[in-house]
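Here's a quick tour of a protein model, written for someone just starting out. Have a look at the sequence and the 3D view first, then work through the points below.

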Amino acid sequence: HHVRNHHAPKTFGPEARVIETSVAPADAHEYDVVLVGKNSTRVAMNAKIRKALGYAGDLPEPGERIVCLRNNKKYAIFNGMLATVLAVHADDRMDVPEIDVVDDDDKVTKGIRFAPEQFGCEDRLDDVSRKRGLFDFGYALTVHKSQGSSWKRVLVLEWIHRDTSAARWRYTAATRAEQELVYCVSPRRTTR
């Protein structure tokens, strides 16, 4: 409620800490999710976390976290759904690669035809056939995409545009944490 009342974030014990930094903590890969304000930060953090976890390449690998970017009735997947990759089927004989996932409710969906070119993009590719699933890496999410979800350990990178009204953004970001919140504020941002 502190940030909702237009106050700057502040530390409230070990479970809610504020750090002034313009560099992501080295242990960002250890959090359940990293919440950011801009898509460029999301893409950069997903790449950094994947590297720290030992993943490489343009496509996700089994065990990786992904997020669905648009609803698809055929596969019963929805925008904002988080899942873990079980398998990726992509070879020269396939015209469209497929992915098998398990969502956070333990529902397994196999054979989702997907757009590999979406991974690592700042913007959603709206010109892709609606018959294909759209996914991106799901280690770092925008606060907007995180609405309605919560995690035990959350890292927030408040590197948002200085003209952004921060009170609502901060409240949404802070309330995604169930147990621990580490909130990083850029020293360049003036508090509003």
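## Strands side by side

Start with a pair of facing residues: E158 sits opposite V185 in strand β10. Keep in mind that this is a predicted model. From that pair we can work outward to the strands, the cores, a helix and a few loops.

**The parallel strands**

- E158 is at the end of β9 (151-158), and β9 runs parallel to β10, with seven bridges joining the two.
- Strand β10 (177-185) also pairs with β1 (residues 16-20), again in the parallel sense, this time over five bridges.
- Within β10, Y183 is the residue that V18 stands opposite.

**The antiparallel sheet**

- What is the strand order in the open sheet of five strands? Going across, you meet β6-β5-β4-β3-β7, and the pairing is antiparallel.
- β6 (108-113) and β7 are the edge strands: each has a single partner, so one side of each is left without a neighbour in the sheet.
- From one strand to the next, the twist averages 40°.
- Zoom in on β3 and β4 and you'll find three bridges joining these antiparallel strands.
- I66 has A83, in β4, as its bridge partner.

**The nonpolar cores**

- A general idea helps here: in soluble globular proteins, nonpolar side chains tend to be buried together.
- In this model the largest nonpolar core has 29 residues, and those touching the most other members are V34, M45, I66, I99, F135, L155 and L157.
- Many elements chip in to this core: β2, α1 (39-52), β3 (65-68), β4 (82-89), β5 (98-103), β7 (135-137), β9 and β10 each supply at least two residues.
- Another core lies apart from this one; it has 20 residues, including V33, L35, V154 and V185.
- That makes V185 a handy landmark, as it is a member of the 20-residue core and also the residue opposite E158.
- Which residues does V34 touch, leaving aside its neighbours within four places in sequence? Its contacts are A28, M45, I49, Y139, A140, L141, L155 and L157.

**Helix α3 and its surroundings**

- Helix α3 covers residues 166-174, and its buried residues are A166, A167, W169, R170, T172 and A173.
- Those buried residues pack against four elements, namely β2 (33-36), α2 (143-146), β9 and β10.
- Q147 is in the loop between α2 and β9, and at 47% relative accessibility Q147 is partly exposed.
- Along the sequence Q147 and A173 are 26 residues apart, yet their C-alpha atoms are 8.4 Å apart in space.
- Setting aside residues up to four places away in sequence, Q147 touches T172 and R176.
- The side chain of Q147 also makes a polar contact of 3.2 Å with the side chain of H144.

**A buried arginine**

- Is R132 buried or exposed? R132 is buried, with a relative accessible area of 19%, which just fits the cut-off of under 20%.
- You'll find R132 in the loop between β6 and β7.
- A polar atom of the R132 side chain lies 3.3 Å from the backbone oxygen of F114.
- Not counting neighbours within four places in sequence, R132 is in contact with R70, N72, V96, R113, F114, A115, P116 and E117.

**Two loop residues with positive phi**

- A76 isn't a glycine, but its phi is positive all the same, at about 55°.
- A76 belongs to the loop between β3 and β4, where it is partly exposed at 46% relative accessibility.
- D106 isn't a glycine either, and its phi is also positive, at about 65°.
- D106 lies in the loop between β5 and β6, and D106 is exposed, with a relative accessible area of 65%.

**Cysteines without a disulfide**

- A disulfide is a covalent bond between the sulfur atoms of two cysteines.
- How many disulfides does a search of the whole structure find? The count is zero.
- Why does C68 not form one with C121? The sulfur of C68 is 15 Å from the sulfur of C121, its closest cysteine sulfur, and that is too far for a bond.
- C68 is buried, at a relative accessible area of 0%, whereas C121 is partly exposed, at 22%.

Conventions
Residues numbered from 1 in each chain as written. Predicted model: local features only at pLDDT ≥ 70, side-chain atom pairs only at ≥ 80, totals over all residues. Heavy atoms only, no water. Disulfide = S-S within 2.5 Å. Buried < 20%, exposed > 50% of the residue type's maximum accessible area, 1.4 Å probe, protein only. Contact = heavy atoms within 4.5 Å. Core = buried A, V, L, I, M, F, W, Y, C linked by side-chain atoms within 4.5 Å. Pairing = 2+ DSSP bridges. Axes fitted to C-alpha atoms, helices over the stretch in contact; angles between N-to-C directions. Polar contact = N/O pair within 3.5 Å; in protein donor to acceptor, adjacent residues only side chain to side chain.
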